[in-house]
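Got a model open and wondering where its labels come from? Let's go through some of them one at a time.

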Amino acid sequence: MSAVLSDTALIFGRYARQTLRSRFQMLFGILMPLLYLFFFGPLLTGLPLGSRGSSWQVLVPGLLLQLALFGASFTGFSIIIEKNSGVVERMRVTPVSRLALLLGRVLRDASLFVFQAVLLVLTALLMGLRAPLAGILIGFVFVALLTATLGSLSYALALKARTPQEFGPAVNAFTMPSMLLSGLMLPMALAPGWLDALSHFMPLRYLVDAMRDAYVGEYATARMLYGVIAAVALTVAALALGTRVFRRAGA
């Protein structure tokens, strides 16, 4: 276990330094959620959204998870670049734990997207968001868990994909339905009954509902429980799958 932790810290440090050297990478990922915040948020003010809390308490949790959804799902592109440049081949001959090769990358991604989530929340506070501190912190935990889940799956898929042309469409086929069916932008309570029922088969919906409860200060709810269970279960399953693919690929 100590060797895994040491190797994970080593891999995390390597990729964290790469990220810190690229301000573009650190800040560009937050651009789309900020645009939604500036141009979509004011349109919702005063509208009956079928949910508790203000329009900002409905929109901001969705934007935070959208940040993790689109950001983490495409992290696998870096593995494809490393395969093409020979980095993966060099890593295969090292004694570094394959689990650590995954965890180090995932922890870097989670740190990056939580940092971007903090910037997004600070901007939302200036625009009128009011939410309890505990709810905001819980939201950051959900962002980290969703990043770990989707990052692990993205890296696993990228190791199987031969080219970016194979990887990109596969990710888009997952992210777009996830965004539309999970109620990221608007609560699914506004949807027709059949669409609301269909959305319950999308695990991301449970995270969205739980975060919105947290942002209005309601922590002991069934939706919060379902969200926590879904987030933890998805993270454990994705890490297990990602580790298995890394070991088989020798990456």
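**Leucine 157 and the rings**

Leucine 157 is part of helix H9, which spans residues 133-160. Keep in mind that this is a predicted model.

Q: Why is leucine 157 called partly exposed?
A: Its relative accessible area is 33%. Buried would need under 20% and exposed over 50%, so leucine 157 lands in between and is partly exposed.

Q: What does leucine 157 touch, leaving out residues up to four places away in sequence?
A: Leucine 157 touches Phe167, Ala170 and Val171. Contact here means heavy atoms within 4.5 Å.

Q: What makes tyrosine 36 and phenylalanine 40 an edge-to-face pair?
A: First off, the structure holds three aromatic pairs. In the one formed by tyrosine 36 and phenylalanine 40, the ring centres are 6.2 Å apart and the planes sit at 85°. Pairing asks for centres within 6.5 Å, and edge-to-face asks for planes over 60 degrees apart, so this pair fits on both counts.

Q: How do you know whether those two residues are buried or exposed?
A: Neither word fits: tyrosine 36 has 27% relative accessibility and phenylalanine 40 has 23%. Buried stops at 20% and exposed starts over 50%, so tyrosine 36 counts as partly exposed, and so does phenylalanine 40.

Q: Why is the pair of phenylalanine 74 and phenylalanine 77 called stacked?
A: The centre-to-centre distance is 6.0 Å, with 5° between the planes. Stacked means planes under 30 degrees apart, with centres within 6.5 Å, so the label holds for this pair. Ring pairs also link Phe74 and Phe77 with Phe167 into a cluster, and Phe167 is one of the residues leucine 157 touches.

Q: What makes us say that a charge sits over the ring of tyrosine 15?
A: The charged end of arginine 14 is 4.9 Å from the ring centre. The distance limit is 6 Å, and the charge must also lie within 35 degrees of the ring normal. Arginine 14 is listed as sitting over the ring.

Q: How do you know that the radius of gyration agrees with a compact globule?
A: For 251 residues, the globule rule gives a value near 18 Å, and the protein has 19 Å, so the two agree. The C-alpha atoms fill a box of roughly 60 × 35 × 35 Å along the principal axes.

Q: What is the protein built from, helices or strands?
A: Helices: there are 13 of them and zero strands. Buried residues make up 48% of the 251 residues.

Key. Residues numbered from 1 in each chain as written. Predicted model: local features only at pLDDT ≥ 70, side-chain atom pairs only at ≥ 80, totals over all residues. Heavy atoms only, no water. Buried < 20%, exposed > 50% of the residue type's maximum accessible area, 1.4 Å probe, protein only. Helix = DSSP H or I, 4+ residues; strand = E, 2+ residues; numbered from the N terminus. Rg over C-alpha atoms; globule rule 2.2 N^0.38 Å.
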